[in-house]
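Hi,

Here is the structure I said I would pass on. Have a look, and my notes follow below.

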Amino acid sequence: MEGNAKGRQTALIDWFRFTCLWHLDVDHPDPDARKILSLLRVDPERFTLGKNYCGQLQYGKTVTFDEDVHVGLEPKDCSKVHGIADQFIVDLSGSACRHFEERGGSWKDVISYLVTLPVRFNRVDLALDDIDGELDIDSLRRKIADQCFSSAFRARKENGRLGDERYRVAWYEPDDLEGHEPYIQDTRKGYTCQFGARNSGSVCLNIYDKLRERQSKGLLPGVGEWIRFEVSFTGERCQHAVRDVVHPSMERGSFGKAVSGIMRGLIEFKEAPKGSNGNVRSMSTRNINKLPVWRKYRRFLHGAAAIRVPSDQAKVEQTVTRTVRWAKGYWRSSLVRLFGTSENAMGEVVASVSDWIRDGGLTWQVISEMRSYSRSLGQEMTVDQILDKLQSYVDTFGGDVDVRKAFEDRLSKDRDAMRASERFLQELSLGDDFHDDLPTLEEYRRKKAMLDAFDLDGIDV
């Protein structure tokens, strides 16, 4: 267990954008839209029509509330979700998020309602602040300059110079997150290190001197040190981050720890090995990964375990999509032969499917793929629904296997061999509906914990 960190550590949402897959009549909102606006503390009668802020998002018109809550209307064809006739987008910048909280809004209430609707999450920025706490910007600069960290981003060596311009850090660690090389910016606004890029479907991590940034705007926060870690998720990774990490953590009252885990999963600062004088450039990636986590960083995160946000979410959804397309293109003639032949032929095929399920072929990864595919269609299925559907198909064609029992047996076997981190990812993929040992959603909702900003100070981890 980690001791309490010094200062104050606060987790918050610093940008939030989502698309509702139905038409919005601003003058006469439908019940779902009216409920969303009510939860956002937005009065539709106070919308103003002016600058098209959502034009860069390919919307023809923008209505604005309170100067920074933007709602995009009249989507262009290139921005529409396939198969959806109309949609609208809601965009809350960092200032809009703070104003939402000042109006008494609850992130938990908003997100808990949105996940029940045909909504796509486009962008979420999660921030973790250390105020007069464990970290100082000079120590972080040295750690990054000495490459004394492991990271989930790719990079390639490129030299640059200090000053009021950006330069790239030499880094050679491969990973499945296909981000860009980390950038450094050292200006009058303070020090900033950026990993990745703000492209669609990407992950971008910024570590910067929030105190200097505020001071450059003429604001005096009245603190001695303020360092911010901020990660931005877009596209399918945003979908996963909101639905499978942010939402469950808010229901459980552990949002702060979840954000800490995400930060640790993206970058992990290390203790410099003895005798290295901080220089780890000559060490191999494997050795760097084996170094102990920097004590100050571990205390700042309150010992939270790393959460790896899967980078292949889009590929997972495409797996089922490709299967459907391939089946439509190549299975047709084969199915005709099976349907037109004796029942024995079809029976043999179904029997082989039953044997495959019985022998443990139905893994949690397969179920996760099917859930992700149904989510991409806006109709997310639970694990129970998927198992029931499989059972009905097997029974219809004369199969002989208890699908649920076979899946539970394989799940139990895999869990025994899993590390804790793998079990956690499994639970994210399967969802709470399949775990009897977890509290129900209604039990979570009865808890009055957490919301807008979550103070990690004093949390027992």
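Which residue is the bridge partner of Y208 in β12? That partner is R228.

Before the rest, the small print. This is a predicted model, so to speak only of what counts: local features need pLDDT of at least 70, side-chain atom pairs count only at pLDDT 80 or more, and totals for chains, interfaces and linings use all residues. Residues are numbered from 1 along each chain as its sequence is written, and side-chain values use heavy atoms, with hydrogens and water left out.

Now the strand I kept coming back to, β11 (residues 203-209). Seven of its seven residues are buried, so the rest of the structure largely encloses it; buried means under 20% relative accessible area, with a 1.4 Å probe and protein chains only. Both of its faces are covered: V203, L205, I207 and D209 sit on one side, with C204, N206 and Y208 on the other.

β11 also has strands paired with it (pairing takes at least two DSSP bridges between two strands). β10 (residues 190-196) runs antiparallel to it and is joined by five bridges, and G196 has C204 as its partner in β11. β12 (residues 226-234) is antiparallel to β11 too, with seven bridges.

As for the whole chain, it has 17 helices and 14 strands, taken as DSSP runs (H or I, at least four residues, for helices; E, at least two, for strands), numbered from the N terminus. Of its 461 residues, 49% are buried.

Cheers

Key: Buried means under 20% relative accessible area, exposed over 50%, partly exposed in between (1.4 Å probe, protein chains only).
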